[in-house]
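Please walk through this structure one part at a time, keeping the sequence and the 3D view side by side.

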Amino acid sequence: MAGAHRKSLTLVSTSPAETRRLGVWVGRHLRPGDAVCLMGEMGTGKTLFARGIAEGLGVPGGRGVRSPTFTLVHEYTGRHPIYHLDLYRLQGEEELEGIGWEEMLYGEGVTVIEAAEKMEQQLPEERLDVVLAREGVRVRRLMLVGYGRRFQTLVRTLAARRRR
Ligand SMILES: Nc1ncnc2c1ncn2[C@@H]1O[C@H](COP(=O)(O)OP(=O)(O)OP(=O)(O)O)[C@@H](O)[C@H]1O
Ligand SMILES: [Mg+2]
């Protein structure tokens, strides 16, 4: 996508707790209908970040948030419904159709997708991508990329608040 249609912000985390706190911070800025796509290798902190998002959306302590490895999707109730998907084990298109992703992505909740690259073709044009990478044993780089007007604005807001 052309540079003009995306906006990015890079964050560095030096502990699991910090990654979770960054998730809480982002979660507080989310609204019903938003989609957050988490991408990155195993153990880069996607689930910790997702737990933070749930906490930021009002799930106390992100309680119970863990990877929906076998069911592919977990639903939590915060200020809005939260759909937490982990597509790591997704077998193919057919299985994807079976989980009702359209109702989630275009519904009234917030959708958080781990291993979102598995449904690249179906991802909404308006979304926040968070690309996590390991920089050291306890260091992670998180690149937030906003696509579409809503998420470009969100990333700009986050970047401005980060600087203060
Ligand atoms: N700065 C950091 N941020 C996040 N996790 C960290 C950090 N430093 C170390 N870790 C460790 O990395 C692991 C991250 O686990 P987590 O389950 O969140 O990753 P994941 O990306 O969801 O992995 P998976 O692909 O298995 O779902 C944890 O064991 C955590 O303790
Ligand atoms: Mg995970």
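**Helices, strands and a ligand**

Helix α5, residues 148–163, has 16 residues and spans 23 Å from its first C-alpha to its last, close to the 22 Å expected at 1.5 Å a residue. The model is a predicted one. Within α5, the buried residues include Phe151, Leu154, Val155 and Leu158. These residues lie on the same side of α5, because they cover an arc of only 95 degrees around the axis. On the other side of α5, Arg149, Thr153, Ala160 and Arg163 are exposed. The buried residues of α5 pack against two strands that can be found at β6 (127–134) and β7 (140–147), and also against β1 (6–13) and α1.

Helix α1 can be read in the same way. Helix α1 has 13 residues and reaches 19 Å from its first C-alpha to its last, which is close to the 18 Å expected at 1.5 Å a residue. In α1, Thr19, Arg20, Leu22, Gly23, Val26 and Gly27 are buried. They cover an arc of only 155 degrees around the axis, so they sit on the same side of α1. The buried residues of α1 pack against β1, α2, β7 and α5.

Next comes helix α2. How many of the residues of α2 are buried? The count is 11 of its 11 residues, so α2 is mostly covered. The buried residues of α2 are Lys46, Thr47, Leu48, Phe49, Ala50, Arg51, Gly52, Ile53, Ala54, Glu55 and Gly56. What covers them includes the helix α1 and the strands β2 (35–39), β3, β4, β5 and β6. After α2 comes Gly58, which has a positive phi, near 100 degrees.

Now consider the ligand. Which residues come nearest to ligand 1? Of the 20 residues around ligand 1, they are Thr19, Met42, Gly45, Lys46 and Thr47. Two helices take part in this shell: α1 (16–28) and α2 (46–56) each supply at least two of its residues. Thr19 is also among the buried residues of α1, and Lys46 and Thr47 are among the buried residues of α2. By type, the residues of the shell around ligand 1 divide into 5 nonpolar, 10 polar and 5 charged.

The strands come next, with β4 as the starting point. Strand β4 covers residues 81–86, and 5 of its 6 residues are buried, so β4 is largely enclosed by the rest of the structure. Strand β3, residues 73–77, pairs with β4 in the antiparallel sense over 5 bridges. The two strands form a hairpin, with 3 residues between them. One bridge can be found by its residues: the partner of Thr77 is Pro81 in β4. Strand β4 is also joined to β5 by 5 bridges, and here the two strands run parallel. In this pairing, Asp86 stands opposite Glu114 in β5.

After β5 the chain enters a loop. Ala115 is found in the loop between β5 and β6. Is Ala115 buried or exposed? Ala115 is buried, because 21 other C-beta atoms lie within 10 Å. Its backbone deserves a look as well. Most residues other than glycine have a negative phi. Ala115 is not a glycine, yet its phi is positive, about 55 degrees.

Two further residues of this loop can be set beside Ala115. Gln122 is located in the loop between β5 and β6. Gln122 counts as partly exposed because it has 13 C-beta neighbours inside 10 Å. Along the chain, Gln122 and Glu102 are 20 residues apart, and their C-alpha atoms are separated by 8.9 Å.

Glu126 also has its place in the loop between β5 (110–114) and β6. With 15 C-beta neighbours inside 10 Å, Glu126 counts as partly exposed. Which residues does Glu126 touch, not counting residues up to four places away in sequence? They are Tyr147, Gly148, Arg150 and Phe151. Phe151 leads back to the start, as one of the buried residues of α5. Another pair to find in the view is Glu126 and Ala54, which are 72 residues apart in sequence and 20 Å apart in space, C-alpha to C-alpha. Ala54 is one of the buried residues of α2.

Key: Residues are numbered from 1 along each chain as its sequence is written. Chains are lettered from A and ligands numbered from 1 in the order in which they are written. This is a predicted model: local features need pLDDT of at least 70, side-chain atom pairs count only at pLDDT 80 or more; totals for chains, interfaces and linings use all residues. A residue is near a molecule or strand if its C-beta atom, placed from the backbone, lies within 6 Å of it. Helices (H or I, at least four residues) and strands (E, at least two) are DSSP runs, numbered from the N terminus. Ala, Val, Leu, Ile, Met, Phe, Trp, Tyr, Cys and Pro count as nonpolar, Asp, Glu, Lys and Arg as charged, and the others, Gly among them, as polar. The expected span of a helix is 1.5 Å times one less than its number of residues. A residue is buried if 20 or more other C-beta atoms lie within 10 Å of its own, exposed if 12 or fewer, and partly exposed in between; C-beta atoms are placed from the backbone. The arc is that of the directions from the helix axis to the C-beta atoms. Two residues are in contact if their C-beta atoms, placed from the backbone, lie within 7 Å. Two strands pair if DSSP finds at least two bridges between them.
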